[in-house]
Amino acid sequence: MDATFNPDKQHTLGSAVSISGTGLHTGIKVDMTLKPANAGFGYQFQRIDLPGQPVIKADCELVTDTSRGTTLEDNGAKVSTVEHILAALVGMGVDNCLIELNGPEIPIMDGSSSPFVEIIEEVGVIEQEATKIWYTIDTNITHYDEKKRVEMTALPATEYKITTLIDFNSPVLGTQHAGLKSMQEFKSEISSSRTFVFLHELEMLLDHNLIKGGDINNAIVVVDKPVTESEMDRLAKAFGRKNMEVKSEGYLNNLELRYSNEPARHKLLDVVGDLALIGYPIKAHIIANRPGHSTNVDFARMIKSYIKKNKHVKDIPVYDANQPPVYTLQQIEKTLPHRFPFLLVDKIIELSDRHIVGIKNVTFNEPFFQGHFPGNPVMPGVLQVEALAQTGGILCINAMPPGEYDTYFIKIDNVKFKQKVVPGDTMILKMELLAPIRRGICEMRGKVYIGNKIATEGDLMAQLVKRG
């Protein structure tokens with residue numbers, strides 16, 4: 001992030017970029033491609049090696065394992081060790097990205113986020129027209145795990161900043177802390193910090209046939225007990241080395257740390273990556289004492305629940321004409337095939353993976369007023385539903401992998417017309433997904449607001465069809 005970076009705008013990548021490496025635990029070679037994505041897309045993983053190329057959203061509700069990294073699972077597919085790439089995207093200010101994989105695990109590379117930061121810098125980060133909506137914490141949120149002696153707290157703050165503290169009763173590590181005052185410091189202060197493991201944990205992982213892609217160059221191995229010659233021979237064989245050594249209790253193969261507190265910095269990196277699974281950008285001061293993936297994800301769920309309860313997602317959307325739109329009319333025309341006189345959405349003012357808010361300004365010059373109740377112009381109810389349908393079409397298309405799609409509505413239920421829509425009204429069109437998109441089928445609930453009153457509401461179902 002440079003001095004011109006606007007944190008109040010959404011950002012994506014300048015172009016697609018790829019990197020290849022080995023999964024730490026599976027040992028499988030994986031090719032990963034980061035692709036630009038539309039505003040509101042967020043972070044989504046796609047397993048292009050599986051039938052149907054299923055997509056998995058970066059969401060704490062989809063985490064199924066945190067034993068040695070964070071694993072997401074959905075649509076019959078899983079992806080493991082997601083925290084380092086997510087930390088890189090957050091740290092570089094990327095809000096929207098499709099992460100394509102031809103394997104089950106993110107490549108471990110050197111055990112840090114630095115290789116991912118480097119490829120993001122290769123293609124650059126570009127500003128999108130959409131506003132970035134930050135969510136603030138108005139009260140302290142605390143999570144305490146007595147068994148693991150982990151405490152995590154989110155304090156109200158004007159920026160997103162993180163402090164981590166670690167204490168594993170290790171004579172080698174001692175007590176360490178690390179801090180990130182601003183995400184602009186992530187690249188220089190945090191991204192190159194490597195993952196670490198204690199020797200006794202390493203031996204347990206080897207016993208369970210894990211870390212098949214492990215190498216002494218992609219993790220710091222902390223040796224805080226005397227090691228026998230036979231143990232060293234076993235480790236050398238496991239990692240394909242002629243020999244290994246520890247001159248004194250410290251680090252395997254006498255590894256040199258990049259920072260004196262590199263383990264604490266890496267724990268901070270993991271917090272950044274795991275809290276990306278909240279799904280909302282937050283402004284808060286996170287204090288994490290002895291954090292780990294399990295408690296990070298539990299804490300992410302707590303914060304997400306707090307935001308959902310307090311952001312009033314079911315309240316009336318607010319239209320501020322001074323705010324720039326997420327989609328302009330010109331961008332809407334690039335997404336939808338509709339044109340005058342049948343394009344019934346003027347702009348999009350909110351867009352996420354789950355909801356959308358559009359605006360339609362109703363004027364006396366609408367062509368349908370010539371024949372619909374002349375002298376007492378009322379907008380036809382069917383066209384109000386069509387306006388909702390078009391708005392929902394943008395929501396569904398935006399949630400799909402890159403490509404050109406058309407939406408065909410296959411079902412409309414429970415429609416109610418509660419108030420007339422007349423010239424001079426501003427229709428606020430809100431559509432929300434009722435369920436994840438599966439096999440191209442979208443289920444949505446829509447409402448038309450005039451001011452603070454509902455004019456029209458109904459449930460709509462559509463099918464997405466890729467063009468060509």
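## Sheet of six strands

Strand 23 (residues 426-433) and strand 24 run antiparallel and are joined by 7 bridges; two strands count as paired if DSSP finds at least two bridges between them. L433 has M444 as its bridge partner in strand 24. Strands are DSSP runs of E with at least two residues, helices are runs of H or I with at least four residues, and both are numbered from the N terminus. The model is a predicted one, in which local features need pLDDT of at least 70 and side-chain atom pairs count only at pLDDT 80 or more, whereas totals for chains, interfaces and linings use all residues. Residues are numbered from 1 along each chain as its sequence is written, and side-chain values use heavy atoms, with hydrogens and water left out.

Strands 23 and 24 belong to an open sheet of 6 strands, with antiparallel pairing and the order 20-21-23-24-25-22. At its edges are strand 20 (347-351) and strand 22 (405-417), each of which pairs on one side only. On average, neighbouring strands of this sheet are turned by 25° against each other, direction ignored. Axes are lines fitted to C-alpha atoms, for helices over the stretch in contact, and angles run from 0 to 180 degrees between N-to-C directions.

Helix 9 (residues 381-399) packs on this sheet and touches strand 20, strand 21 (355-361), strand 22, strand 23, strand 24 and strand 25. The direction of helix 9 makes about 50° with that of strand 23. Contact here means heavy atoms within 4.5 Å.

## Sheet of three strands

Another open sheet has 3 strands in the order 6-7-8, and its pairing is antiparallel. Strand 6 (63-65) and strand 8 (77-79) are the edge strands; each has a single partner strand, so one side of each is left without a neighbour in the sheet. Neighbouring strands of this sheet are turned by 40° against each other on average, direction ignored.

Within this sheet, 3 bridges pair strand 7 (residues 71-74) with strand 8 in the antiparallel sense. L72 has V79 of strand 8 as its bridge partner.

## Nonpolar cores

The largest nonpolar core has 66 residues, of which L34, F45 and I286 touch the most other members. A nonpolar core is a set of buried Ala, Val, Leu, Ile, Met, Phe, Trp, Tyr and Cys residues joined through side-chain atoms within 4.5 Å. Buried means under 20% relative accessible area, exposed means over 50%, and partly exposed lies in between (1.4 Å probe, protein chains only).

Leaving aside residues up to four places away in sequence, L34 touches L13, S15, A16, V17, I85, C97, L98, I99, I119 and I120. A second, separate core comprises 41 residues, including L383, L429, V448 and L464.

## Helix 2 and its surroundings

Helix 2 (residues 114-123) has S114, P115, F116, V117, I119 and I120 as buried residues. Among the elements that cover them are strand 1 (9-13), strand 2 (17-22), strand 3 (29-36), helix 1, strand 10 and helix 3 (186-189). G124, just after helix 2, takes a positive phi of about 80°.

## Salt bridges

The whole structure contains 18 salt bridges, each defined as a side-chain nitrogen of Lys or Arg within 4 Å of a carboxyl oxygen of Asp or Glu. One of them joins the side chains of D95 and K132, at 2.7 Å from N to O. This pair links distant parts of the chain, 37 residues apart: D95 is in the loop between helix 1 (83-91) and strand 9 (97-101), and K132 is in the loop between strand 10 (125-131) and strand 11 (135-136). D95 counts as buried at 13% relative accessibility, as does K132 at 15%.

R445 forms a salt bridge with D459, with 3.0 Å between the closest N and O atoms. R445 lies in strand 24 (residues 441-450) and D459 in strand 25 (residues 453-466), so their pairing ties together parts 14 residues apart in sequence. R445 is partly exposed at 39% relative accessibility, whereas D459 is buried at 16%.

The side chains of K411 and D413 also meet in a salt bridge, at 3.6 Å from N to O. K411 is partly exposed, with a relative accessible area of 43%, and D413 is partly exposed at 32%. In addition, a network of salt bridges links E404, D406 and R467.

## Cysteines

The count of disulfides is 0, a disulfide being a pair of cysteine sulfur atoms within 2.5 Å. C97 is buried at 0% relative accessibility, and C442 is likewise buried at 0%.
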